[in-house]
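Got the viewer open? Load the model, switch to cartoon view, and keep the selection box handy for a short walk along the chain.

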Amino acid sequence: MQEQQDFNAAGMAAQTVTVTNQSGQKKQYINDIGDPSKVVHCRNVTADVTQSGLVAMCQQFGRVVNVVMLRAKNQALIEMDNHESAKAVVEYCQQQGFVDVDHRRVYVKYSRHQELSDTPAGKTLLVSMFNPEYDISGMVQLTPLIVYQIFGNYGQVEKIVVLPKNASSAQNHNRVQSLVQFCDKEQAEKVKNMLQGQPVNLGDQASFFLDIQFSKVPEITATGNSATSMVVPKGFTPQLLAQQQMFTQMGQMGQMGQMGQMGQINPMGQMGQMPMGQMGASPQQLLTQQLNPFAMQGFAQ
């Protein structure tokens, strides 16, 4: 790979890079940094590059104000608190033309955006569940119950709606979106900060990442439970839900004349073997160890 230097409008060196592919063909492009901005643009942000990794890299040079992960494009936008911080990030990354984040080469320049519009904090979150490799809706049906089992361990959830696919989601077909309403905006913000960018594992069926933003919808209007909505009773938890479904299952077995066999059945073991998404699935099985290791105690993975 050959390199020569040009200079952009900001007076900083931009690299002209010549890359030779496996067929021996050469392609030349200018790794220009763009015009100064508080927002930096990151590319080659593959699935294994985490938001926390990008933020940690940028926080060496100033305060990170906002982050937008563009997973469908393998890109990210990061807004710094001022131009000086953004300049320090870009200059650092341009020293060798890229920066290593989570063992990936991430290329950084100024964004054309001068700032990122931010939806005000509220108690309702817009959750995007995505896998860049495949359409997760083709692997598992993401029901309101599954969404509750993910988020109910971290805050008091009031309502959930799984959104239908629309023109936007058709372009990002690997994504399923949901609205999750908490009891107040403080809990919603805490959960957003805790789970943003984290992976979720649904047993052997599917895995995906969480991209979480504040919703422009202040409050979910759903009033009952359906295939796409869920209203959570006050004081309810995923653990109570699992226990309730265990007893429901036991009652159904008794009605079928199978109660005599209960001495040979471990109800918790049966729950652990049920397909994910059914009411008896253990909520702790939905999360990876790195999300909440304490939630995994006493439950088989």
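Start by selecting His-103, which sits in the loop between S7 and strand S8 (104–110). Keep in mind that this is a predicted model. Colour His-103 by accessibility: with a relative accessible area of 76%, it is exposed. Its backbone deserves a look too, since phi of His-103 is near 65°, a positive value in a residue other than glycine. For background, most residues other than glycine have a negative phi.

Another residue with a positive phi is Asn-44, again near 65° and again not a glycine. You'll find Asn-44 in the loop between strand S4 (39–43) and helix H1 (51–58). Is Asn-44 buried, partly exposed or exposed? Asn-44 counts as partly exposed, because its relative accessibility is 29%.

Now go back to the S7 neighbourhood and pick Phe-98, in the loop between helix H2 (83–94) and strand S7 (99–101). Phe-98 has 14% relative accessibility, so it counts as buried; the cut-off for that is under 20%. Show what surrounds it: setting aside neighbours within four places in sequence, Phe-98 is in contact with Cys-93, Arg-105, Val-106 and Tyr-107. Then draw a distance from Phe-98 to Val-108, C-alpha to C-alpha: they are ten residues apart along the chain and separated by 6.6 Å.

Cys-93 takes you into H2, so select the helix next. Its buried residues are Ser-85, Ala-86, Val-89, Val-90, Cys-93 and Gln-94. Why do they line one face of the helix? Turn the view to look down the axis of H2: the buried residues fall within an arc of 165°, so they sit along one face. You can check the length of H2 as well. At 1.5 Å a residue, its twelve residues should span 16 Å, and the end C-alpha atoms are 16 Å apart, which agrees. Before leaving, zoom in on the start of H2, where a side-chain oxygen of Asn-82 comes to within 3.1 Å of the backbone nitrogen of Glu-84.

Next, the cysteines. How many disulfides does the structure hold? The count is zero. Take Cys-58, which is in no disulfide: the nearest cysteine sulfur is that of Cys-42, 5.7 Å away. A pair of cysteine sulfur atoms has to be within 2.5 Å to count as a disulfide. Cys-58 counts as buried because its relative accessibility is 0%. Select Cys-183 too: at 22% relative accessibility, Cys-183 counts as partly exposed.

For the last close-up, jump to Gln-239 in helix H6 (residues 238–255). With 31% relative accessibility, Gln-239 counts as partly exposed. Which side chain does Gln-239 meet in a polar contact? Show Asn-153: a polar contact of 2.9 Å joins the two side chains. Gly-152 is also worth labelling, as its C-alpha is 9.2 Å from that of Gln-239 although the two are 87 residues apart in sequence.

Now zoom out to the whole chain. Its secondary structure comes to seven helices and 14 strands. Of the 301 residues, 44% are buried. Among contacts with a separation of 6 or more, 65% are between residues 24 or more positions apart. Finally, turn on the surface: the accessible area comes to about 16,000 Å², and carbon and sulfur atoms account for 49% of it.

Key:
Residues numbered from 1 in each chain as written. Predicted model: local features only at pLDDT ≥ 70, side-chain atom pairs only at ≥ 80, totals over all residues. Heavy atoms only, no water. Helix = DSSP H or I, 4+ residues; strand = E, 2+ residues; numbered from the N terminus. Buried < 20%, exposed > 50% of the residue type's maximum accessible area, 1.4 Å probe, protein only. Contact = heavy atoms within 4.5 Å. Areas by Shrake-Rupley, 256 points an atom, 1.4 Å probe, with all protein chains shown as cover. Expected span 1.5 Å × (residues − 1). Arc of directions from axis to C-beta. Polar contact = N/O pair within 3.5 Å; in protein donor to acceptor, adjacent residues only side chain to side chain.
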